[in-house]
Structure formats: structure tokens, C-alpha cells
Amino acid sequence: MADSSQRMPEPPADAPLKILLLGDASNFHNCLAGGLRRMGHDVTVASDGTRWMDTHRDIDFARRLPGKAGGLLLWLKIKGMLNSRLAGYDVVSVNSTSFAWLRPGRLRTIFDHILARNRHVFVSALGTDSLYVRTCMAGDTPLKYSEWRVGGRPSAYAQASQSAADAWLSPALSDLCDYIFAKTEGAVTALYEYDKVCRTVLPDSKVAYGGIPVDTSSVAFSGINGHDGKLRLFLGRHAARTLEKGTDKLCVAAQRVVAAHPDLCQLEIVENLPYDAYLQRLRNADIVLDQLYSYTPATNALLAMAMGKVVVSGGEPEYYDFIGEQDNRPIINAVPDDDDALFRSIEHAVVNRSALVDRGIRSREFVVKHNDVAVVAKRFLDFWKSKF
């Protein structure tokens, strides 16, 4: 929050808010902005479009050149906006330390300007940051598994990505992450896992679950279709994140299922598509293979569910209990530590095709109830306004 000598007066209780969503991940902030605008608020998204996804933003933070030159140009661009386009908001919500692709010292400078020139500043806990990595890798982590640790041991991703872990846990980035969480007025979380992690450093009064927003009104239901009599298993992945998301194991399991039942199913794999192109391919899927190390369905799974697809993703009982859902549990839970069980869960869906249509309908109902953008936007607003 801005220093009291500089703080702007609070808007009337029922007045539209001027909101800045700083940074993005998988179209989260852009989708949330649409929901907030429908509620009458003035919302600006400043991000790099989640790099290769190229999602919509109002202020472009993309790093256009590689190396130091790209960093310097982006730094100068953002620096020139600090007193104009990045100032004067009622609410700013920052995507932790990933709001711009710059080194920690420059991010700290930008963040301090954001604090000083806007009314209320919060964190949107949307993805990996130093707090999440540190907590996942600790012996007393509140999560029984994650992309960093499975069965009490470092995961395949952690073992292959020591440099990534070292970067997240470096003093400069770790200190910046702690500073941001300490200086903001609270965090709204995208996933059950992020919520559990945030509560290890913040009191419950400063954390609220938001969930991932999906604009269900713009996502047409297409359901289970089949192609030439075969179910289409669909795996969309980022080529550089296969170990992190567990899509390597999902791919092997799906290939085993296709090999065992070539008359019933086929597998389509796509990599690194822009967001809009990816959605077009997703609409032709029947069973979507999302990720392995999550308790919670993330953006890819939720979009597929909104289309009426069946997803293999995070669907742990802890997550359903956390959101208060006891009746509709449509996700095929992807188990991270048993390759045969993963194969059997996908195979069971394929050979019991008659049950898929109903599961797809219930998937759509689940997203409308728990993740429609209006539902998620209200959670964000309610928490933000509780701190005014």
C-alpha cells in the first residue's frame, strides 16, 4: 500500500474500481479482467502474454530481444510507465515475482513504485515462485506430492532441473518473493496447492481462494464426439516442461492404451501452440491428458471440461473437500507414482465409452459452478474490498 502521506482517498463503496492486473499465466489475468469489466470495473492487464501463448494484454511487457539488450529495452519501457500507465489504481494484483521478465533488482524497483503510487496492492498466486519451490522441497511440506517432490523424494523433474531450483531459491529471487508477500495486503490463490503454500507464511486472514477463471459463456459445449469410431486422446504440452507437468508419463500411458485398443482410440499430441490455435485443436478432443503432479485441474483441464470433455488431471479428494464439492467429482485423477494405475485409469475410460458422455456433461456443470469467471471475479473482489 502507498505511504499514508501519498495514499489516494478511497472510492465510494459502490463505485467502479480502477484495477491493474500485473503479469499473467495461461490467460488467467486476461480472463479475470473480462469478468471484472462485466461487473462495471475499469481493468488493465499488463503482461508479456505468457510468452509463446501470446494472450491478450492492454500493456505489453514482452521481451522483444534476447539477452541483456532485451532486458534493458523492457526495463526502460516499464520505467517510463511507472508514473503514468502503472499508477493511480484502486487495486493492483501482482503475479508474484513473475510479473515481468527482468532480474530481481529491477523487479524490486518496479514493485516499490507500484506500492507507492497505487491504493491497494495484492498478490495473485498463479504459478511457481520461490515460496512455492521452497515449500514443496522442504521436509515438512504440506503437500504429499508436487512436481518437485513425490513420495518424500525429489521428483524426476527436480533431479533433472537443479539449475531451475537453484534459480528459484537464489537469495536475490527468494528475498524478492518474501518481500512481495510481506508488503502486499494479501494473496488470492489459483489452486488448492498454492493456497496451502501461501498459508505457511501468511495468516489465514490474508489469504483467499480464487480459483482459475473460465469464461464459460464463450466456451461452446461440444462433448464427446469420437472420430471414425475412435475416441481421440489429446495431449497438449509445452516441449520444455514435460517433466515438470508429467506429460512424459501421461504420454507413455496413453500410448500403452492406444497399443492395447487401437480399434477404440487414437492419440493426438500438440506442442507450443498459441492460445487461440490450441483451443481450436482442443475442441476436437474426447479425453484430455492434462498434468500429473497437481491436486487441482488447471487452465487446460478446466477449458476442456467446459467443452464437455473428460480430463485426466489433478482431482484429489483434498481438493474436492476444499471447495466443498461432495457430489460431482468428474475428473479422472492422475496418480503420479504408479504408472500401471495411470494406464488402467485411462484404459477404463476408453473401454467404458458409454459413461463418458455423462462424465463430460458433469465436467461442464462442475466448471460453471466452481470456475465460471463471474464466480472467480466475485471471490477476488470480495477479498480485495475486505481490506479497504
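**Close-up views of a predicted model**

**View 1. Lining of the largest cavity.** The largest cavity is enclosed by a lining made up of A125, G127, D129, L131, Y132, F181, Y194, V197 and C198, as seen here in a model that is predicted. The space within this largest cavity amounts to about 50 Å³, and the structure holds 1 cavity of 30 Å³ or more. Two helices, α4 (130-137) and α8 (192-198), each supply at least two residues of the lining, and of the elements involved α8 gives the most, with 3 residues. Sorted by class, the lining of the largest cavity has 7 nonpolar residues, together with 1 polar and 1 charged residue.

**View 2. The second largest pocket and the residues that line it.** The second largest pocket holds about 450 Å³ of space, and its lining is formed by 27 residues, of which N27, N30, C31, Y275 and L279 lie nearest the centre of the pocket. The elements that give two or more residues to this lining are α1 (28-38), α11 (275-282) and α12 (299-306). The largest share of the lining of the second largest pocket comes from α1, which contributes 6 residues. In terms of residue class, the lining of this pocket divides into 13 nonpolar, 9 polar and 5 charged residues.

**View 3. Packing of helix α12 against helix α15.** Helix α12, which also lines the second largest pocket, is shown here with helix α15 (residues 356-370), and the axes of the two helices come within 7 Å and cross at roughly 115°. The crossing of α12 and α15 is left-handed. On the side of α12 the contact is made by L302, M305 and A306, and these meet G360, S363, R364, F366 and V367 in α15. The residues of this contact divide into 5 nonpolar, 2 polar and 1 charged.

**View 4. Oblique packing of helices α10 and α14****.** Helix α10 (residues 247-260) packs with helix α14 (residues 339-351) at an angle of about 50°, and the axes of these two helices lie 9 Å apart. That angle makes α10 oblique to α14, and the crossing of the pair is right-handed. From α10 the contact takes in K249, L250, A253, A254, R256, V257 and A260, which meet D339, D340, L342, F343, I346, E347 and V350 in α14. Taken by class, the residues where α10 and α14 meet divide into 9 nonpolar and 5 charged, with no polar residue in the contact.

**View 5. Helices α2 and α3, roughly parallel to each other****.** Helix α2 (residues 67-79) and helix α3 (residues 104-117) pack with their axes 11 Å apart and at an angle of about 10°. Angles under 35 degrees count as roughly parallel, and α2 and α3 are therefore roughly parallel to each other. The contact brings G71, L72, W75 and I78 of α2 to R106, T109 and I110 of α3. By class, the contact between α2 and α3 has 4 nonpolar, 2 polar and 1 charged residues.

Definitions and conventions. Residues are numbered from 1 along each chain as its sequence is written. This is a predicted model: local features need pLDDT of at least 70, side-chain atom pairs count only at pLDDT 80 or more; totals for chains, interfaces and linings use all residues. Side-chain values use heavy atoms; hydrogens and water are left out. On a 1 Å grid over the protein atoms alone, a cavity is a set of points where a 1.4 Å probe fits but cannot get out, and a pocket is an open set with protein on both sides within 12 Å along at least five of seven lines; lining residues have an atom within 4 Å of a point. Grid points are joined across faces, edges and corners, and a volume is the space filled by probe spheres set on the points. Helices (H or I, at least four residues) and strands (E, at least two) are DSSP runs, numbered from the N terminus. Ala, Val, Leu, Ile, Met, Phe, Trp, Tyr, Cys and Pro count as nonpolar, Asp, Glu, Lys and Arg as charged, and the others, Gly among them, as polar. Axes are lines fitted to C-alpha atoms, for helices over the stretch in contact, and angles run from 0 to 180 degrees between N-to-C directions. Angles under 35 degrees count as roughly parallel, over 145 as roughly antiparallel, 65 to 115 as roughly perpendicular and the rest as oblique. A crossing is left-handed if the near helix is turned anticlockwise from the far one by less than a right angle, and right-handed if clockwise. Contact means heavy atoms within 4.5 Å.
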